[in-house]
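Work through these exercises with the model open. Try each task before reading its solution.

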Amino acid sequence: MGTPARVRFGMRTQLMLLFTVAFTVVFAAVFYWVYSFTTARAMERLRADMNDTAAGAATGIDGDEIAALYKDGAPRPDGFSDDVRYVRQMNYLKMVHALVPRAMPYTMVRGGAPDTRRVGAAASSPEYVYIVDVDIPGTPHAGFLETDTLGPAAEEAWTKGTFVERPEIYDDRFGSWMTSYAPIKDHTGKVVALLGCDFEASYVHAVQRKAQRSVVAVLLATYLIMLTLVWFAAGFFTRPVRALTRATEGLGEGNLGEGLAFAKRNDELGALARAFNDMSDRLARAFRELARANEQL
């Protein structure tokens, strides 16, 4: 009898490739969704912290004092002020920063006609004027009564008297930031100032990268575990088929009556093994009877 042809691309390999490709496609879709969802959730959490900081800090500021400081406060040449109200507000913002180190709080008022006390040229409308910008060594600092243009988010917080988030990262002369604005009101409920709370873009990106690295590590570990399970699953399904193949080849070599061990399985492969064992036993009996008949002859 000829030697049986060797299988070059066996069932186990086919199953592994099929399962791997199918699982990889599904995993890629899940990975993209989880990655995007986690990144978005990290940003939502960061914005919530930023919003809570701004809204909470604004409640501790005396609107009447800020308005009076803007009206008659005097700046120093170095951009600060000797006014006791300025010192009190600066200490408060330093306390906010100490409680939330990543936050850079400051207060601004809606500027009227430029006066000689302003620092620098007047900004284009809508113009805002820095009153107190937290003094953190090594960080940018806006001077007392320095003008700036903050854009629609600040304008909305001022006109509506509600908390407003500036969701996108933006660049200014101080760097790249994410900002929230909270209105500061006087005793009559009128908006007299805004509290801005800046988060550095580098910190925002660091939060995103940390969340993204965690997701990638977990999902890659899951992917490797699943591929290992695919390998074992392929072996579980193909091992009986390979045993059946060897047993069938053994029939051609005269190895009759050798049963398959997985005949006890209660599934289709078990039924196939029992049928093969029954056929092998019948062939073995037939050959024994034929041998006895030849001896008698």
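**Exercise 1. Which residues does serine 81 contact, leaving aside its neighbours within four places in sequence?**

Solution.
- Step 1. Collect the partners in this predicted model. Serine 81 is in contact with Ala74, Arg76, Tyr86, Val87 and Phe144.
- Step 2. Place the residue. Serine 81 sits in the loop between helix 2 (63-72) and helix 3 (84-99).
- Step 3. Look for polar partners of the side chain. One of its polar atoms lies 3.0 Å from the backbone oxygen of alanine 74. The side chain also reaches the backbone nitrogen of aspartate 83, at 3.1 Å.

**Exercise 2. Is serine 81 buried or exposed?**

Solution.
- Step 1. Take the cut-off: buried means under 20% relative accessible area.
- Step 2. Apply it. The relative accessible area of serine 81 is 3%, so serine 81 is buried.
- Step 3. Set this beside the whole chain. Of the 297 residues of the protein, 40% count as buried.

**Exercise 3. Name the two residues that touch the most other members of the largest nonpolar core, and find where the core comes from.**

Solution.
- Step 1. The core has 37 residues, and Ile131 and Leu195 touch the most other members.
- Step 2. List the elements that each give at least two residues. They are helix 1 (11-58), helix 2, helix 3, strand 1 (103-110), strand 2 (128-133), strand 5 (175-185) and strand 6 (191-200).
- Step 3. Pick out the main supplier. Helix 1 gives the largest share, six residues.
- Step 4. Check for another core. One of 14 residues lies apart, and its members include Tyr106, Met108, Ala142 and Ala154.
- Step 5. Go back to leucine 195. Leaving aside neighbours within four places in sequence, its contacts include Ala54, Leu93, Tyr106, Ser180 and Ile184.

**Exercise 4. Which residues of helix 4 (residues 152-160) are buried, and what follows the helix?**

Solution.
- Step 1. Ala153, Ala154, Glu155, Ala157 and Trp158 are buried in helix 4.
- Step 2. Glycine 161 comes after helix 4, with a positive phi near 70°.

**Exercise 5. Find the nonpolar surface patch that includes Phe287.**

Solution.
- Step 1. Start with the element. Phenylalanine 287 lies in helix 6 (residues 268-296).
- Step 2. Name the members. Met279, Leu283, Phe287 and Leu290 form the patch.
- Step 3. Read the spacing. An α-helix has 3.6 residues a turn, so residues three or four places apart point the same way.
- Step 4. Add the area. Together the four patch residues have about 360 Å² of accessible area.

Key:
Residues numbered from 1 in each chain as written. Predicted model: local features only at pLDDT ≥ 70, side-chain atom pairs only at ≥ 80, totals over all residues. Heavy atoms only, no water. Buried < 20%, exposed > 50% of the residue type's maximum accessible area, 1.4 Å probe, protein only. Patch = residues over 30% accessible without salt bridge, like charges linked within 9 Å, V, L, I, M, F, W, Y side chains within 5 Å. Areas by Shrake-Rupley, 256 points an atom, 1.4 Å probe, with all protein chains shown as cover. Salt bridge = Lys/Arg side-chain N within 4 Å of Asp/Glu carboxyl O. Helix = DSSP H or I, 4+ residues; strand = E, 2+ residues; numbered from the N terminus. Polar contact = N/O pair within 3.5 Å; in protein donor to acceptor, adjacent residues only side chain to side chain. Contact = heavy atoms within 4.5 Å. Core = buried A, V, L, I, M, F, W, Y, C linked by side-chain atoms within 4.5 Å.
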